[in-house]
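Hi,

Here is the structure I said I would pass on. Have a look at it first, and then read on for what turned up.

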Amino acid sequence: MNENFLLFNADSYQKINNFIAEGLQVDHIITDPPYNISKVNNFSTMKNPRSGVDFGEWDKGKFDLFSWIPLYSTLVRANGSMIIFCSYRFISFIVDVLESDKVGFNVKDVLIWQKSNPMPRNITRRYVQDMEFAIWAVKKNARWVFNKQDDVPYQRSLFRTSVVNGNERTEHPTQKSLQLMKEIISIHTNRNQTILDPFMGSGSTGIAALELGRNFIGIEKEKKYFDIAQSRFKEVLNDNN
């Protein structure tokens, strides 16, 4: 805990009950939940094998992709938003949940993350999978935040960055880059607003939020990844002192 952030090593499906009881309200939810797309792959046959689409047991079809959305949507303030990363396989399903009467959000756009160094595939028989997607939705009748960058004539929903490498890289297999998250947070949130991430992973969204002057609440169930996130937050605090 810090005056600008709260981190919980907990199950988001249980933690939501505490948040509702406490009357917690946040300005935005920005999150990258499990995609449920992991499966056995043949990347071991490559000269330099990579994990491919086998990210771990937590991503092998056991995660409840949708029912967390109505629960957490109740925490979002009147002019707030949700940005949810997802596989292209589930975009329409998540849109349906967000725009249901129970949730009451309007989907504005689908954001696209294009990776400059995507994971290799069988390039003679498949397209290179170099894109991931995030759904941007706002509450009905909201005066939503949209900070268009001054150096572009119009804002595209395409974000181009590399997959995380170098000192920024952690053990988390689906880590998002700080550059990507900073660009998204800069456009869709304002300084001093609070961002909640129910599936924090290694904490990239929170680190980006802090470095941009936002407040952050993060939840991560897996102790291994929570410890990584906690360590990264401590580094930010030490760098700022």
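Let's start with one residue: in which helix does Ser 204 lie? It belongs to helix H5, which covers residues 204–211. Before going further, bear in mind that this is a predicted model.

Ser 204 counts as buried, because its relative accessibility is 5% and the cut-off for buried is under 20%. Setting aside neighbours within four places in sequence, Ser 204 is in contact with Gln 175, Lys 176, Leu 178, Met 181 and Arg 232. With Lys 176 there is also a polar approach: the side chain of Ser 204 has a polar atom 3.0 Å from the backbone oxygen of Lys 176. Ser 177 is 27 residues away from Ser 204 in sequence, yet their C-alpha atoms are 6.9 Å apart in space.

The rest of H5 is worth a look too. Of its 8 residues, 7 are buried, so the helix is largely enclosed by the rest of the structure. Those buried residues are Ser 204, Thr 205, Gly 206, Ile 207, Ala 208, Ala 209 and Leu 210. What do they pack against? The partners are S1, S2, H4, S7, S8 and helix H6 (223–240). Just after H5 comes Gly 213, with a positive phi of about 80°.

Now for the sheet. It is open and has 8 strands with mixed pairing, in the order S1-S8-S7-S2-S3-S5-S4-S6. Which strands stand at the edges? They are S1 and strand S6 (158–161); each has a single partner strand, so one side of each has no neighbour in the sheet. From one strand to the next, the twist averages 15°. Further in, strands S4 (residues 105–115) and S5 (residues 131–139) run antiparallel and are joined by 9 bridges. In that pairing, Val 110 is opposite Ile 135 in S5.

Two helices to note here pack on the sheet. H1 touches S1, strand S7 (194–197) and strand S8 (215–219), and its direction makes about 130° with that of S8. Helix H4 (residues 178–188) touches S2, S3, S4, S5, S6 and S7, with its direction at about 150° to that of S6.

On to the rings: there are 10 aromatic pairs in the structure. One of them is Phe 8 with Phe 19, whose ring centres are 5.7 Å apart and whose planes meet at 70°, so the pair is edge-to-face. Phe 8 sits in strand S1 (residues 5–8) and Phe 19 in helix H1 (residues 12–22), so this pair ties together parts 11 residues apart in sequence. Phe 19 counts as buried, at 3% relative accessibility.

Phe 66 and Phe 90 are also edge-to-face, because their planes are at 75°, with 6.5 Å between the ring centres. This pair links distant parts of the chain, 24 residues apart: Phe 66 is in the loop between strand S2 (26–31) and helix H2 (68–73), and Phe 90 is in the loop between strand S3 (76–86) and helix H3 (91–98). Phe 66 is partly exposed, at 25% relative accessible area, whereas Phe 90, at 17%, counts as buried. Elsewhere, ring pairs join Phe 5, Phe 216 and Phe 233 into a cluster.

Finally, two lysines lie over ring faces. Lys 115 is over Trp 113, 5.1 Å from the ring centre, and Lys 176 is over Phe 85, at 5.2 Å from the ring centre.

Cheers

Note on methods: Residues are numbered from 1 along each chain as its sequence is written. Side-chain values use heavy atoms; hydrogens and water are left out. Rings of Phe, Tyr and Trp (its six-membered ring) pair if their centres lie within 6.5 Å; planes under 30 degrees apart count as stacked, over 60 as edge-to-face and the rest as tilted. Helices (H or I, at least four residues) and strands (E, at least two) are DSSP runs, numbered from the N terminus. Buried means under 20% relative accessible area, exposed over 50%, partly exposed in between (1.4 Å probe, protein chains only). A charge sits over a ring if NZ of Lys or CZ of Arg is within 6 Å of the ring centre and within 35 degrees of the ring normal. Two strands pair if DSSP finds at least two bridges between them. Axes are lines fitted to C-alpha atoms, for helices over the stretch in contact, and angles run from 0 to 180 degrees between N-to-C directions. Contact means heavy atoms within 4.5 Å. A polar contact is a pair of N or O atoms within 3.5 Å; within protein, one must be able to donate a hydrogen and the other to accept it, and residues adjacent in sequence count only if both atoms are side-chain atoms.
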